[in-house]
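Let's explore a protein fold together, one question at a time. Have the sequence and the 3D view ready as you read.

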Amino acid sequence: MRASTRREFISGAAGRIECAVDKPDAAARGIALIAHPHPLYGGTLDNKVVQTLARAFVELGYEAWRPNFRGVGGTEGVHDEGRGELEDLAAVLKSIQTEKFVVAGFSFGASLVARLAERVKPEWLVLIGIGITRLEAPQVPAGTLVIHGENDETVPLAAVLDWARPQELPVVVVPGADHFFHRKLHVIRRIVQANHP
């Protein structure tokens, strides 16, 4: 967490939604909404992959918003198996009132933003370690960036390839990376920045 990170609270269907917000040095080119991993398994807006995504997007000129899901940190409500969490992501985006935005997520959060992208049509969609084994993910737009660890023990690479294959969707595989990208966070940052449209 950067010293300049500020906390914002947005009204959601289950109460307030806590968000961490990081701004670029210059005027923002848009918003990056970033969703964290499964809250019942320790996922929060402070997750290292989520923070890495926020840093990457801030360096690309975006204002990065990282909401906590229901029941996590200062966010009210209780876990809703992805249904209420999807509504909360939509509520955060609506409250920001921006036309230029990208959405990204890690694990459970990646599955949710894939669903969100069916509704809101972001300029770019970034999915890291997409949690398709716990939460079904829809077909995603061409140009979506999918990054997965070669040695992901939580969501096997083979399952992600099975999901991507019918869509003719490329998957960027990080050699030697596990689900949480230990010691590989710099690689994620580099891939996201190098592939930004």
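The expected span of a helix is 1.5 Å times one less than its number of residues. Keep in mind that this is a predicted model.

Q: How far does helix 3 reach from its first C-alpha to its last?
A: Helix 3 covers residues 108-120, which makes 13 residues. At 1.5 Å a residue, the expected span is 18 Å. The model comes close to that, with a reach of 19 Å.

Q: Which elements do the buried residues of helix 3 pack against?
A: Start with the buried residues themselves: Phe108, Gly109, Ala110, Ser111, Leu112, Val113, Ala114, Leu116 and Ala117. Their packing partners include a helix as well as strands. The full set is strand 3 (30-35), helix 2 (83-96), strand 5 (101-106) and strand 6 (124-128).

Q: Which residue just after helix 3 takes a positive phi?
A: Look just past the end of helix 3. The phi there is about 55°, and the residue is Lys121.

Q: In what order do the 8 strands of the open sheet lie?
A: The sheet is open and its pairing is mixed. Its edge strands are strand 1 and strand 8 (172-174), each of which pairs on one side only. From one strand to the next, the twist averages 25°. The order of the strands is 1-2-4-3-5-6-7-8.

Q: How many residues of strand 3 are buried?
A: Take the two faces in turn: Gly30, Ala32 and Ile34 are buried on one side. On the other side, Ile31, Leu33 and Ala35 are buried too. With both faces covered, the count of buried residues in strand 3 is 6 of 6.

Q: What is the handedness of the crossover from strand 3 to strand 4?
A: Strand 3 and strand 4 run parallel and are joined by 4 bridges. In strand 4, Trp65 is the bridge partner of Leu33. The chain passes from strand 3 through helix 1 to strand 4, and this β-α-β crossover is right-handed.

Q: Which residue in strand 5 does Ala32 stand opposite?
A: Strand 3 and strand 5 run parallel, with 5 bridges between them. Within strand 5, the residue opposite Ala32 is Val102.

Q: Which residue in strand 6 stands opposite Phe106?
A: Strand 5 is joined to strand 6 by 5 bridges, and the two run parallel. Opposite Phe106 in strand 6 you will find Ile128.

Q: At about what angle does helix 1 run to strand 4?
A: Helix 1 (residues 48-59) lies across strand 2 (15-22), strand 3, strand 4 (62-67), strand 5 and strand 6. Its angle to strand 4 is about 160°.

Q: Which element gives the most residues to the largest nonpolar core?
A: In soluble globular proteins, nonpolar side chains tend to be buried together. Here the largest nonpolar core has 39 residues, and Trp65, Leu127 and Trp163 have the most contacts inside it. Strand 2, strand 3, helix 2, strand 5, helix 3, strand 6 and helix 4 each supply at least two of its residues. The top contributor, with 7 residues, is helix 3.

Q: Why does Glu81 count as partly exposed?
A: Glu81 is found in the loop between strand 4 and helix 2, and its phi is positive, about 55°, although it is not a glycine. Partly exposed is the class between under 20% for buried and over 50% for exposed. Glu81 falls in it because its relative accessibility is 48%.

Q: Is Phe181 buried or exposed?
A: Phe181 sits in the loop between strand 8 and helix 5 (185-195). Its phi is also positive, near 55°, in a residue other than glycine. Buried means under 20% relative accessible area. At 0% relative accessibility, Phe181 therefore counts as buried.

Q: How far apart in space are Ser4 and Asp162, C-alpha to C-alpha?
A: Ser4 belongs to the segment before strand 1 (6-12). In sequence, Ser4 and Asp162 are 158 residues apart. In space, C-alpha to C-alpha, the distance is 41 Å.

Notes. Residues are numbered from 1 along each chain as its sequence is written. This is a predicted model: local features need pLDDT of at least 70, side-chain atom pairs count only at pLDDT 80 or more; totals for chains, interfaces and linings use all residues. Side-chain values use heavy atoms; hydrogens and water are left out. Buried means under 20% relative accessible area, exposed over 50%, partly exposed in between (1.4 Å probe, protein chains only). Contact means heavy atoms within 4.5 Å. Two strands pair if DSSP finds at least two bridges between them. Axes are lines fitted to C-alpha atoms, for helices over the stretch in contact, and angles run from 0 to 180 degrees between N-to-C directions. A crossover is right-handed if, with the strands pointing away from the viewer, the path from the first strand over the helix to the second runs clockwise. A nonpolar core is a set of buried Ala, Val, Leu, Ile, Met, Phe, Trp, Tyr and Cys residues joined through side-chain atoms within 4.5 Å.
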